[in-house]
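Colleague: Please take a close look at one part of this predicted model: the surroundings of the ligand. Walk me through them in one go.

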Amino acid sequence: MGTDKQLTIGLFGFGVVGEGIYKVLEQTPSLRARIKKICIKNPAKRRNAPAALFTTDKNDLLQDNDINVIVEVIDDADAAFEIVTTALQNGKDVVSASKKMLAEHLPALLELQERADRSLLYEAAACASVPVIRNVEEYYDNDLLHSITAIINGSTNYILTKMTEEGLDFKQALTEARQNGFAESNPVLDVEGYDAANKWSILLTHAYGMIAAPGSFLFSGIQHVHSLDTEVAASRKQVIKLVARAQKLTNGKVAALVLPQFVSVDDHLAFVRNEYNGVVIESSFADKQFFYGKGAGSFPTASAILSDLAALRYNYKYEYKKRYHHKPHETDHQIFLRVYLSFQTVADLPREKFEWIEEWHAGQERSYCCGVIVVERLTENDWWKQNGISLILLPDPIVEETLTRKLRQRSLELAGVI
Ligand code: HSE
């Protein structure tokens, strides 16, 4: 089938995103995509669409042979997985925005897509309106992609921006993010980094062919960032951002992380404010490229879904090229990170966790130090999320060459050569 394919849609969910899709489709008749039924949980709620479209019975959509595409934008990951798998098994293409569901079930979904010979597209699941999944999937050859650094959670970026620029306290800023429809219905997912980790897990599969469930790489949110940390950042002409990072190492493996980081004010990522997302890709020959746009909200998310629907008219499928046609990369857990750690009392500082400490500032209310830590020290337990400790990566946090030089110097010192 070619471009004349008619899309008859069954839509699951009519919240901020679902209603956005409905409105956006009404404004784009050229797509030849029509919503036949919308499945919702609460029939008593007032909806801005004809009542005849709504049902509470999922089978009205999943068992309707006329419906050839299921669009799923609900925030219950378990229910979403059931809907998506049933739809694929029933021969329907699927467009999903459920990051958590996708990140948790990617291996099973890869297999099912293959078996069912149907498409499962999910551009809206990472960075909403910024076309990043299809981009890393299609454009960059495995060997050419050196690193991706990104801001992929709109709510935390909104909170950090409002705190830094307008002096809002954390709670106020979070309330605004919720009122604007950026935050997850359980905002802990945003604030503690789960949402960013889910999105990163999806992107790692398309960028490097890795299946890396969120628990398999280091992540945190902005829950421990202290006002002193933002003052330190300002004094260094830096801002704090929640940065997702994937970086190819000289040993051929990939370092994958989602952590708060100090970012220089003239870095591309510092330019990303409020609910916007930004992705910096470094590749051979092209050097740096920067993608920027709205990463949350009704219409930006609907726009990514619209693009997936348009792609379905051409029977587009993700090929998972980096996984199936290249040697997929592995994650490296031995990497050394340059970190800043702030804490209340010196007793809270576990010096033995550091490879070395480069800088140290004692204050009356709070103190901080900067040094190098091996990732394994951070994954063995959560000491760095306790006792009021705040851990933030320094700019260019991954140490490769410096480490080698330092270790060499140390061994020379031990041997009495210098
Ligand atoms: N809660 C998400 C965010 C919504 O703030 O980025 C978009 O995925």
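Modeller: Start with the make-up of the shell. Its residues divide into three nonpolar, four polar and five charged. The members are Lys99, Asn153, Gly154, Ser155, Phe182, Ala183, Glu184, Asp190, Asp195, Lys199, Gly295 and Ala296.

Now the polar contacts. A side-chain N or O atom of glutamate 184 sits 2.6 Å from a nitrogen atom of the ligand. For aspartate 190, the distance from a side-chain N or O atom to a ligand nitrogen is 2.8 Å. Glycine 154 uses its backbone: an N or O atom there is 2.7 Å from a ligand oxygen. On its own the ligand has 250 Å² of accessible area, and the protein covers 92% of this. Two elements give two or more residues to the shell: helix H6 (154–166) and helix H9 (194–208).

Next, H6 itself. Asparagine 153, also in the ligand shell, caps the N-terminal end of H6. Its side-chain oxygen lies 3.3 Å from the backbone nitrogen of serine 155. Is the length as expected for 13 residues? At 1.5 Å a residue, H6 should span 18 Å, and its end C-alpha atoms are 17 Å apart, so the two agree.

Gly154 and Ser155 are buried, and so are Thr156, Asn157, Tyr158, Ile159, Leu160, Thr161 and Lys162. The buried residues of H6 pack against two helices, H7 (170–179) and H8 (188–191), and three strands, E7 (145–151), E9 (238–248) and E11 (276–283). Just past the helix, glycine 167 has a positive phi of about 65°.

Conventions
Residues numbered from 1 in each chain as written. Predicted model: local features only at pLDDT ≥ 70, side-chain atom pairs only at ≥ 80, totals over all residues. Heavy atoms only, no water. Near = heavy atom within 4 Å. Polar contact = N/O pair within 3.5 Å; in protein donor to acceptor, adjacent residues only side chain to side chain. Areas by Shrake-Rupley, 256 points an atom, 1.4 Å probe, with all protein chains shown as cover. Helix = DSSP H or I, 4+ residues; strand = E, 2+ residues; numbered from the N terminus. Nonpolar A, V, L, I, M, F, W, Y, C, P; charged D, E, K, R; others polar. Expected span 1.5 Å × (residues − 1). Buried < 20%, exposed > 50% of the residue type's maximum accessible area, 1.4 Å probe, protein only. Contact = heavy atoms within 4.5 Å.
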